[in-house]
Amino acid sequence: MGRITVAVMVSLWVIPISIIVNRIVPHPYMDEIFHIPQAQEYCRGNFRIWDPMITTPPGLYHLSLAYVASLFPGMYCVKSVSAFSNVCSTAILRSFNGVLAVICSILVYEIITHLRPALDKRKATLYAVVLALYPLHWFFTFLYYTDVASLTVVLAMYLACLKKNYLFSALLGALSVVIRQTNIIWMLFVACTGIIDIALVHPRENMKADDFHESIRNSGSPTLKKSITGESKLRKRKFGAGVKTDDHSTPIISASSTAHMSSGLVEEFQNLLLTSWYLKWELLSSFCPFFLVLVAFGAFVHWNGSVVLGAKEAHVVSPHFAQIMYFSLIASLAMAPWHFSLGQASDMFWSFWENRPFSFFQGIMALVAVFLSVHFFSIAHPYLLSDNRHYPFYLWRKVINGHWSMNSTEGLFVSSLAGKAQRKIWVLAYFLASAAALIPAPLIEFRYYTIPFFLLVLHSPTDDAGSWLLIGIVYLAVNAFTMAMFLYRPFHWQHEPGIQRFIW
């Protein structure tokens, strides 16, 4: 059981379903009518031609070009195609996402085993396969969208950071931004988690924390009175090397660090600042590549006049605070078999009870914030109201717009997923990153929630294999329904020719 098993199991459904989709829907559909012709122009060498309706950078098309180039020699030898541009068919371009989905599942497995090295390999395999079935990720595996490529590169970036290869992680971060602009937020989040990991692991491994804080109080600067184990002064490191820490030091908190977990957010933040100052030159050398990518992105936004490339009038940045509530709703439903069990409900209740009255005050304030966000900052985008091909169209009409108050309870469950096993400052960084990535988006698109959902689940203490099996069964049922609706329940618009299909 391992990465090969994961790859084989994911391939077992990617290949046959891709064949079925391409037979029934052979032509570009929905956003594919923009992406596929653009990729085909790149295959013809027309790099100066650009569709003004495309909002994302051309990273996916460049990766697709490399993928097609790898296939061309074999297809040419068997006389399947006569020219390079002929390889860029709809089916071939879609198959690139299928390959990426397999790679993505392997990355999930690698991250799980890195974060939790003591976890049984069979469980890690099960978790990776179930996450590959996550409906919003699974569905777009069979279409030529940017979502699968975006998730794959972000997870690769995160894995590289976990393994302390910061230069490679920053390069992958740059690639992720070229695929989708909002990934700049997740690149910054990955850099923050790397800094948090180094700064909060370093004091307890390489020095005595009491001596460190004593030196701060006595001298007013982070100069240590006592020697640091293994070195007496800072030294410059190469970009890719980073700070030497334990290979398995991660934001996951082990049983041996329970005392650290019990510390408050303020104390964690103080420790982070003090240790980061002491390690400032090492952190700067390790994470400077991330900063360079950020500067380049800022220069691009200044030159472009907007974050998006095309259709700027339809993607104006708006304070859509309700996005966090919608994401909470989707994440809660996606993990319902785990965190809505009696055991989890009991744990949550006793956690709130033991921390009263602060927990009750915190819960009330959260509910008030949710109420205000949903009531005053819900945006009904024209695309949402007019396009009945998307499931959010029906969710908005039947659930959110009619019973919007139901969102008030969902945010509490999402915070419970990761809050028990993570440092508080990690949870804060995750929340800020999710908010920064989702709130500016005026359109409700469930696929926007895929990256924060994966990061949330990867850091959640979900060890019950039975719950994971149940989640997998639910995902299979949802996938079967959505794919059947897409393939076998087409419909027509009176005002527009062509076949329409239901899609996420």
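**Helix packing, core and loops**

Apart from its neighbours within four places in sequence, T152 is in contact with L100, I103, C104 and L107. The coordinates come from a predicted model, and the description below refers to that model. T152 is found in helix α7. Its relative accessible area is 5%, which is under the 20% cut-off for a buried residue, so T152 is counted as buried. The partners L100, I103, C104 and L107 have numbers that fall within α4, the helix spanning 90-115.

Helix α7 also packs against a helix far along the chain. α7 covers residues 147-162 and α22 covers residues 450-458. Their axes are 10 Å apart and make an angle of about 40°. Because an angle of about 40° is neither under 35 degrees nor in the range from 65 to 115 degrees, α7 is oblique to α22. The crossing in which α7 passes α22 is right-handed. On the α7 side the residues that meet α22 are S150, L151, V154, L155 and Y158. On the α22 side they are T450, I451, F454, L455 and L458.

A second helix pair involves the start of the chain. Helix α1 (residues 3-24) packs with helix α5 (residues 121-132), with the axes 10 Å apart and an angle of about 30° between them. An angle under 35 degrees counts as roughly parallel, so α1 is described as roughly parallel to α5. The crossing of α1 and α5 is right-handed. From α1, the residues T5, V6, M9, V10 and W13 make the contact, and from α5 the residues T125, A128, V129 and A132.

W13 links this helix pair to the nonpolar core. With its neighbours within four places in sequence left aside, W13 is in contact with V129, A132, L133, W138 and F142. Of these, V129 and A132 are among the α5 residues that form the contact with α1. The largest nonpolar core contains 133 residues, and W13 and F453 are those with the most contacts inside it. In soluble globular proteins, nonpolar side chains tend to be buried together.

The overall figures give the setting for these details. The protein has 23 helices and two strands. Of its 504 residues, 53% are buried. Among contacts with a separation of 6 or more, 79% are between residues 24 or more positions apart. The accessible surface comes to about 23400 Å², and carbon and sulfur atoms account for 68% of that surface.

Several loop residues are buried as well. T56 is found in the loop between α2 (32-43) and α3 (59-77). Its relative accessible area is 10%, so T56 counts as buried. Leaving aside neighbours within four places in sequence, its contacts are H35, W50, T146, I179, Q181 and L309.

What is notable about the backbone at M30 and K164, neither of which is a glycine? M30 has a positive phi of about 55°, and phi of K164 is near 70°, which is also a positive value. M30 lies in the loop between α1 and α2, while K164 is found in the loop between α7 and α8 (166-179). The relative accessibility of M30 is 9%, so M30 counts as buried. K164 has a relative accessible area of 8% and is likewise buried.

Two further loop residues lie close in space to residues that are distant in sequence. P442 is placed in the loop between α21 (424-438) and α22. At 10% relative accessibility, P442 is buried. P442 and H320 are separated by 122 residues in sequence, while their C-alpha atoms are 5.9 Å apart. S89 lies in the loop between α3 and α4. Is S89 buried, partly exposed or exposed? Its relative accessible area is 27%, which is not under 20% and not over 50%, so S89 is partly exposed. S89 and Q40 are 49 residues apart in sequence, with 7.7 Å between their C-alpha atoms.

Terms used: Residues are numbered from 1 along each chain as its sequence is written. This is a predicted model: local features need pLDDT of at least 70, side-chain atom pairs count only at pLDDT 80 or more; totals for chains, interfaces and linings use all residues. Side-chain values use heavy atoms; hydrogens and water are left out. A nonpolar core is a set of buried Ala, Val, Leu, Ile, Met, Phe, Trp, Tyr and Cys residues joined through side-chain atoms within 4.5 Å. Buried means under 20% relative accessible area, exposed over 50%, partly exposed in between (1.4 Å probe, protein chains only). Contact means heavy atoms within 4.5 Å. Helices (H or I, at least four residues) and strands (E, at least two) are DSSP runs, numbered from the N terminus. Accessible areas come from the Shrake-Rupley method with a 1.4 Å probe; for residues, only the protein chains shown count as cover. Axes are lines fitted to C-alpha atoms, for helices over the stretch in contact, and angles run from 0 to 180 degrees between N-to-C directions. Angles under 35 degrees count as roughly parallel, over 145 as roughly antiparallel, 65 to 115 as roughly perpendicular and the rest as oblique. A crossing is left-handed if the near helix is turned anticlockwise from the far one by less than a right angle, and right-handed if clockwise.
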